[in-house]
Every structure is written in structure tokens, then in C-alpha cells.
Amino acid sequence: MEALTVFILCGGKSSRMQSEKGLVLFQNKPFIEHIIKAVLPITLTIKLITNNKEYDYLPYQKIPDIITDKGPLGGIYTALTNSETEFNLILSCDIPLISTELLSELISKHNQEAEITVFASESRMHPLIGIYSKKVLPVIKSAIDNDDLKMMNLIAKIPHQIITIEESENFHLTNINSVDELNDLNINLS
């Protein structure tokens, strides 16, 4: 694949986590640093979608949402609007177990005919670990204008590719949304 920009969505109200999700500590490092570590072997072109000053310690461009309070779809809209590459790796900030190997698999298996490529197992899809083409911008804008903010609805409307994974691989793609989920994760890894 040609050039790829990585956007990490650091927005979100994080009401269940009670704090900024990307900065929650896991194994003594914020989630965001685990994700960046997984991305760096792939590309140095990393941008954060956030207007939170707490991320200023990181040496990456921060871009505030163009349209606020529209969930992940709003973040993806902001990312693609600010991207200079056709294909973009979109990641949520709450996936501390993501690995370079899984991201490399996503990129290497991506078919350029697909405008969105995501992982899915039999039980779940992972729309916030995906490759998104700039071509989907008008569809996203229309969805936002109609307040149709469900990621699955967006994917259903666009030529997409599903990379099938085993149920056991879901673990490494899990997003951590609450203190309970973080505690479970720490228990499972100890």
C-alpha cells in the first residue's frame, strides 16, 4: 500500500471510564502510548484527533473535531478531512493490546477496491481499527447531517472488506471502556 496516515481518535466523553480514556494507565503507561508503540514500526505519520491539552506532551499533531459531539463518526470525518493520503488507518484510543503484527496484517490484506477494511470475528466487528479511504467523506458527512452515527450503518453503505479473525484474537482488539474492563484485563494478563 502507498502512503498511509494513522489517526488515533482521542475524543469521547469517557463517562464509563471516569477519565480521558487514552490517558488511562495500563502497565504503567497510558493507553495512547501502547497504541503509538504498535504503530511506529509501520509509519511515523501519526495524528491525534483531540482538543484535550493533556495530550500535548506527545510530539504529534493534534486536530480538534470539526463537528463536535458526533462520536467516532465525527472523529473519522475530522481525520479524513485533514488527511493528505487516500488510505488512513483509524484507531480508537482505548485498545492498549493492539500489536504491530495485527496492524500489519490489516494493511497487507487490505484490498484497495475496498473503501473500508476492518477486522471481524463471528461474534463482533472492530470498526475503530480500520483502513478508511478519503472517498467515504461524503457518505460520512451525510450520516452526520442525518444524525445516523452508528458505525455499522456506515460500513453497510460503503464497499468494504472484512478480514476474518479467530474469536481468540478479539482479545487483542478489545476496547477498554470502563474501570471494570480495565481490572478484568489486568487480571487476565497476570
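**A guided look at a predicted model**

Visitor: What percentage of the 190 residues in the protein chain is buried?
Guide: Welcome! This is a predicted model, and a residue counts as buried when its relative accessible area is under 20%. Of the 190 residues in the protein chain, the buried share is 53%.

Visitor: Which radius of gyration does the protein chain have, and why is it called as compact as a globular protein of that length?
Guide: Let's start with the parts: the protein chain has 7 helices and 9 strands. For 190 residues the globule rule gives 16 Å, and the value for the protein chain is close to that, so the chain is as compact as a globular protein of that length. The radius of gyration itself is 15 Å.

Visitor: In what order do the strands of the open sheet come?
Guide: The sheet holds 7 strands, and their pairing is mixed. At the edges are strand E5 (61-63) and strand E9 (160-164), each of which pairs on one side only. From one strand to the next, the twist averages 25 degrees. Reading across the sheet, the order is E5-E4-E1-E6-E8-E7-E9.

Visitor: Which residue in E6 is the bridge partner of Leu4?
Guide: Strand E1 (residues 4-9) and strand E6 (residues 87-92) run parallel, and 6 bridges join them. For Leu4, the bridge partner in E6 is Phe87.

Visitor: What angle does helix H2 make with strand E8?
Guide: Two helices can be described against these strands. Helix H1 (residues 31-39) packs on the sheet, where it touches E1, strand E4 (46-49) and E6, and its direction makes about 170 degrees with that of E1. Helix H2 (residues 71-81) lies across E1, E4, E5, E6 and strand E8 (125-133). The angle between H2 and E8 is about 20 degrees.

Visitor: Is Asn88 buried or exposed?
Guide: Asn88 has its place in strand E6. Its relative accessible area is 0%, and the limit for a buried residue is under 20%, so Asn88 is buried.

Visitor: With which side chain does the side chain of Asn88 make a polar contact?
Guide: Leaving aside neighbours within four places in sequence, Asn88 is in contact with several residues, among them Leu4, Phe7, Leu80 and Tyr132. A polar atom of the Asn88 side chain also lies 3.2 Å from the backbone oxygen of Glu86. The side-chain partner, at 3.0 Å, is Thr85.

Visitor: How much area does the protein chain expose?
Guide: Carbon and sulfur atoms supply 50% of the exposed area. The total for the protein chain is about 9100 Å².

How values were computed
Residues numbered from 1 in each chain as written. Predicted model: local features only at pLDDT ≥ 70, side-chain atom pairs only at ≥ 80, totals over all residues. Heavy atoms only, no water. Pairing = 2+ DSSP bridges. Helix = DSSP H or I, 4+ residues; strand = E, 2+ residues; numbered from the N terminus. Axes fitted to C-alpha atoms, helices over the stretch in contact; angles between N-to-C directions. Contact = heavy atoms within 4.5 Å. Buried < 20%, exposed > 50% of the residue type's maximum accessible area, 1.4 Å probe, protein only. Polar contact = N/O pair within 3.5 Å; in protein donor to acceptor, adjacent residues only side chain to side chain. Rg over C-alpha atoms; globule rule 2.2 N^0.38 Å. Areas by Shrake-Rupley, 256 points an atom, 1.4 Å probe, with all protein chains shown as cover.
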